[in-house]
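Reader: I am new to reading protein models. Could you take me through one, feature by feature?

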Amino acid sequence: MTDEANNADDIGRRAMLQTACAAIVTGFVVSPPTDARAATQGADNMSAAERNEAPLGARLQGVQHFGLTVQNMERAYQFYTEVLGGSEVFRHGDFQGDGVQNTLLADQEIEANARGVNPRTIGVPDLRSGAQRLDVRFIQFDNMVLELLQYREADQPMGSARSFAEPVEHMSPAFPRMMHICFYVRDDVDFNKFIADLEAESARRGMTQVRANRTVRVMTEADRKAAPRDTNTNKVTAEPSNGWELIYCKGPEGEQLEFVKALGPVKKRFADALAKRQQSIVR
């Protein structure tokens, strides 16, 4: 978001690997168009002048971070660091003023103006005057960075449990624009136990929103809790996803999370796709 943030994870060639790993983490490996693929070839050997005229793909280092706007900063921070083991890169806050308002929210102000409504009615904070503020924290995982953002009233302290806007109520993954964060679970981990432990640890911390789905039909929270542990994990056997295991889970902010394992045939597909991409890049 800021120049400092953009440089936080600037670690050379590892950024290219992060892009490929991000594809594994999110569960998608997309074959880029021919011109985009060609753009990566010889990208390391370009001069600055050549790079600035090259296709867009040759100007990227990869995915730097995913962002999540939260209601309770301290709660979210505790979950992603103490429960899931991420490490803080840095935090920055109290963002306000005309520049940050225009950078982050111009499109929403245009939308409010077109509708003839007060921007606040569609969830647009007033960073321009400083009535609201923005805080961010960056958390490093092995192959991606997660940015936590909180918009708060100016009279609320950093890390507040009170946000400027109310949380979105319906978090179904079927909504267009809905996103999720996916974590890659190690091959030798007991997946069903992992989720049981995640739910228990989160509950111990009062994070009652952290609830995983089951593979059997459940109509109440009591049904979900009573389901056998082996119904925690959906194991896919159909090609081309054979070996894919997944669990959908809500996080402490109600955000959509996914935990996956890629084993057997599907693991090889991801590995082959990564190797093919790396081989296509002329070093």
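Reader: How many residues of strand 9 are buried?

Author: First, the terms. Helices (H or I, at least four residues) and strands (E, at least two) are DSSP runs, numbered from the N terminus. Buried means under 20% relative accessible area, exposed over 50%, and partly exposed in between (1.4 Å probe, protein chains only). Now the case: strand 9 covers residues 256-262, and 7 of its 7 residues are buried.

Reader: What kind of model is this, and how are residues numbered?

Author: This is a predicted model: local features need pLDDT of at least 70, side-chain atom pairs count only at pLDDT 80 or more, and totals for chains, interfaces and linings use all residues. Residues are numbered from 1 along each chain as its sequence is written, and side-chain values use heavy atoms, with hydrogens and water left out.

Reader: What is the mean pLDDT of the protein chain?

Author: pLDDT is the predictor's confidence in each residue, from 0 to 100. The chain's mean is 84, and 84% of its residues reach 70 or more. Among the elements, helix 5 (residues 73-83) has the highest mean, 97, and helix 2 (residues 14-26) the lowest, 39. Over residues 2-34, pLDDT stays under 50.

Reader: Which residues of strand 9 lie on each side?

Author: In a regular strand the side chains alternate between the two faces of the sheet. On one side of strand 9 are Gln256, Glu258, Val260 and Ala262; on the other are Leu257, Phe259 and Lys261. Both faces are covered. Take Val260: its relative accessible area is 0%, so Val260 is buried. Its C-alpha is 8.8 Å from that of Arg186, though 74 residues separate the two in sequence.

Reader: Which way do strand 5 and strand 9 run, parallel or antiparallel?

Author: Two strands pair if DSSP finds at least two bridges between them. Strand 5 (residues 181-184) runs parallel to strand 9, with 4 bridges. Here Phe183 stands opposite Phe259. Strand 8 (residues 244-250) is joined to strand 9 by 7 bridges, and these two run antiparallel. Trp244 has Ala262 as its bridge partner in strand 9.

Reader: How many residues lie between strand 8 and strand 9 in the hairpin?

Author: There are 5. Gly254, in the turn, has a positive phi of about 85°. Glu253 is also in the loop between these strands. Glu253 counts as buried because its relative accessibility is 14%.

Reader: What does the side chain of Glu253 make a polar contact with?

Author: A polar contact is a pair of N or O atoms within 3.5 Å; within protein, one must be able to donate a hydrogen and the other to accept it, and residues adjacent in sequence count only if both atoms are side-chain atoms. Glu253 makes one with the side chain of Arg75, at 2.9 Å. Contact alone means heavy atoms within 4.5 Å. Beyond four places in sequence, the contacts of Glu253 include Asn72, Ala76 and Gln209.

Reader: Which residues of helix 5 are buried?

Author: An α-helix has 3.6 residues a turn, so residues three or four places apart point the same way. In helix 5 the buried ones are Met73, Ala76, Tyr77, Phe79, Tyr80, Thr81 and Val83. At the helix start, a side-chain oxygen of Asn72 reaches to within 3.3 Å of the backbone nitrogen of Glu74. After the helix comes Gly85, with a positive phi near 85°.

Reader: Which residues form the aromatic cluster?

Author: Rings of Phe, Tyr and Trp (its six-membered ring) pair if their centres lie within 6.5 Å; planes under 30 degrees apart count as stacked, over 60 as edge-to-face and the rest as tilted. Phe79, Tyr80, Phe141, Phe183, Phe191, Phe194 and Phe259 form one cluster.

Reader: Where is the peptide bond that is cis?

Author: Most residues other than glycine have a negative phi, and most peptide bonds are trans. The bond from Glu239 to Pro240 is cis, with omega near 5°. Asp94, in strand 2 (residues 87-95), has a positive phi near 65°. Arg177 has a positive phi too, about 80°. Arg177 counts as exposed because its relative accessibility is 82%.
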